[in-house]
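Student: I would like to learn how to read a structure one feature at a time. Can we go through one together?

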Amino acid sequence: MGKFIAIDGLDGSGKGTQSEILVQRLQSEGKRVRVLSFPMYENDSSLFVRMYLDGKLGDKPSDTNAYAASMFFGSDRYISYVTDWKKDILDPDTYVVANRYTTANAVHQLSKLPESEWEDFLKWLWDFEFSKLGLPEPDLVLYLELPPRLSLSLVKSRSDSTGQKMDIHEKDTEYMAKCYEAALYSCKKLGWKQIKCYNGDIIRTREDIAEEIYKEVGKL
């Protein structure tokens with residue numbers, strides 16, 4: 001098996017940017033790297049995910065329950081794994097870097113439930129994706145911690161500058177606040193490495209964050 005690293009965080013936290021920086025650094029050292037980004041929007045496997053995020057199943061995230069939505073995202077991962085990147089994860093000389101993974105369900109879908117059900121949901125999720133579906137479990141999960149007040153401002157700025165449409169997650173500020181609480185719980189419960197991306201109201205530089213990420217990856 002290769003080394004499998006998942007990078008997650010609230011929308012706007014820089015997951016894509018940090019995944020790209022890490023991949024480039026590993027490649028510069030001569031390592032073989034495969035980068036993944038979930039959901040696989042360009043593939044048919046993400047049809048139900050796209051319907052959900054586009055609001056076709058309801059205007060609010062809560063209109064689709066945590067278990068149903070988790071199955072949409074899990075199915076996207078399963079189909080892409082079987083048809084595409086399984087060979088990479090089985091190669092002992094390959095690093096696989098995923099921008100979002102099962103970890104996103106452990107944040108976004110967990111937040112829809114009362115806290116009394118959080119532990120049971122995580123047990124169900126891990127069993128569903130890693131046991132029932134047979135997806136590989138990451139060797140390292142890096143969670144880019146950014147409070148909602150900062151992540152939402154970055155998402156809005158990105159939307160204004162690029163014209164990229166905000167999905168039903170990004171439009172719901174109360175939902176994002178609950179996601180942040182769920183993320184901190186998951187970090188503690190599942191042993192994720194938190195990367196604090198801010199000091200007060202100041203966001204750390206991408207170079208500074210990337211260096212901390214690289215040190216954690218080096219421990220593998």
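Student: On the other side of α9, which residues are exposed?

Tutor: One thing before that: the model is predicted. Exposed means over 50% relative accessible area, and buried means under 20%. E207, K215 and G218 are exposed on the other side of α9.

Student: Which residues of α9 are buried?

Tutor: I209, A210, I213, Y214, E216 and V217 are buried in α9. Seen down the helix axis, these buried residues fall within an arc of 160 degrees, so they line one face of α9.

Student: What do the buried residues of α9 pack against?

Tutor: Their partners are β1, α1, β3, β4 and β5, the last of these spanning 193-196.

Student: How far does α9 reach from its first C-alpha to its last?

Tutor: Compare the reach with what the residue count predicts at 1.5 Å a residue. α9 has 13 residues and reaches 18 Å, close to the 18 Å expected.

Student: How many residues does helix α1 have, and how far does it reach?

Tutor: Helix α1, residues 15-28, has 14 residues and reaches 20 Å from its first C-alpha to its last, close to the 20 Å expected. In α1, the buried residues are K15, Q18, S19, L22, V23 and L26. These cover an arc of only 135 degrees around the axis, which puts them on the same side of α1.

Student: What do the buried residues of α1 pack against?

Tutor: They pack against four strands, β1 (3-9), β2 (32-37), β3 (94-99) and β4 (140-145), and against the helix α9 (206-218).

Student: How do I look for empty space inside a model?

Tutor: Rolling a probe the size of a water molecule over the atoms shows where empty space is left. Here the count comes to one cavity of 30 Å³ or more. About 30 Å³ of space lies in the largest cavity.

Student: Which residues line the largest cavity?

Tutor: Its lining is made of Q18, I21, L22, R25, A210, I213 and Y214. The elements that give two or more residues to this lining are α1 and α9. The largest share, four residues, comes from α1. By class, the lining of the largest cavity has five nonpolar, one polar and one charged residues.

Student: What lines the second largest pocket?

Tutor: The second largest pocket is lined by K60, S62, S111, K112, D172, E174, Y175 and K178. About 170 Å³ of space lies in this pocket. Five charged, two polar and one nonpolar residues make up its lining.

Student: How should I read backbone angles?

Tutor: Start from the general rule: most residues other than glycine have a negative phi, and most peptide bonds are trans. R100 has a phi near 75 degrees, a positive value in a residue other than glycine. R100 is in the loop between β3 and α4. A glycine case is G30, just after α1, with a positive phi of about 85 degrees.

Student: Which residues does a cis peptide bond join?

Tutor: A cis peptide bond joins F38 and P39, with omega about 0 degrees. P39 lies in the loop between β2 and α2, where α2 is 47-53.

Student: Why does L36 count as buried?

Tutor: The cut-off for buried is under 20% relative accessible area. L36 has a relative accessible area of 2%, so L36 is buried. L36 lies in strand β2. Not counting residues up to four places away in sequence, L36 touches W85, V96, V97, A98 and N99.

Student: Where is T103, and is it buried or exposed?

Tutor: T103 is in helix α4, residues 102-108. At 1% relative accessibility, T103 counts as buried. Leaving out residues up to four places away in sequence, T103 touches D8, V141 and W192.

Student: Why does R204 count as buried, and where does R204 lie?

Tutor: R204 counts as buried because its relative accessibility is 16%. R204 lies in the loop between β7 (202-203) and α9. Apart from neighbours within four places in sequence, R204 is in contact with residues including I195, Y198, I209 and E212.

Terms used: Residues are numbered from 1 along each chain as its sequence is written. This is a predicted model: local features need pLDDT of at least 70, side-chain atom pairs count only at pLDDT 80 or more; totals for chains, interfaces and linings use all residues. Side-chain values use heavy atoms; hydrogens and water are left out. The expected span of a helix is 1.5 Å times one less than its number of residues. Buried means under 20% relative accessible area, exposed over 50%, partly exposed in between (1.4 Å probe, protein chains only). The arc is that of the directions from the helix axis to the C-beta atoms. Contact means heavy atoms within 4.5 Å. On a 1 Å grid over the protein atoms alone, a cavity is a set of points where a 1.4 Å probe fits but cannot get out, and a pocket is an open set with protein on both sides within 12 Å along at least five of seven lines; lining residues have an atom within 4 Å of a point. Grid points are joined across faces, edges and corners, and a volume is the space filled by probe spheres set on the points. Ala, Val, Leu, Ile, Met, Phe, Trp, Tyr, Cys and Pro count as nonpolar, Asp, Glu, Lys and Arg as charged, and the others, Gly among them, as polar.
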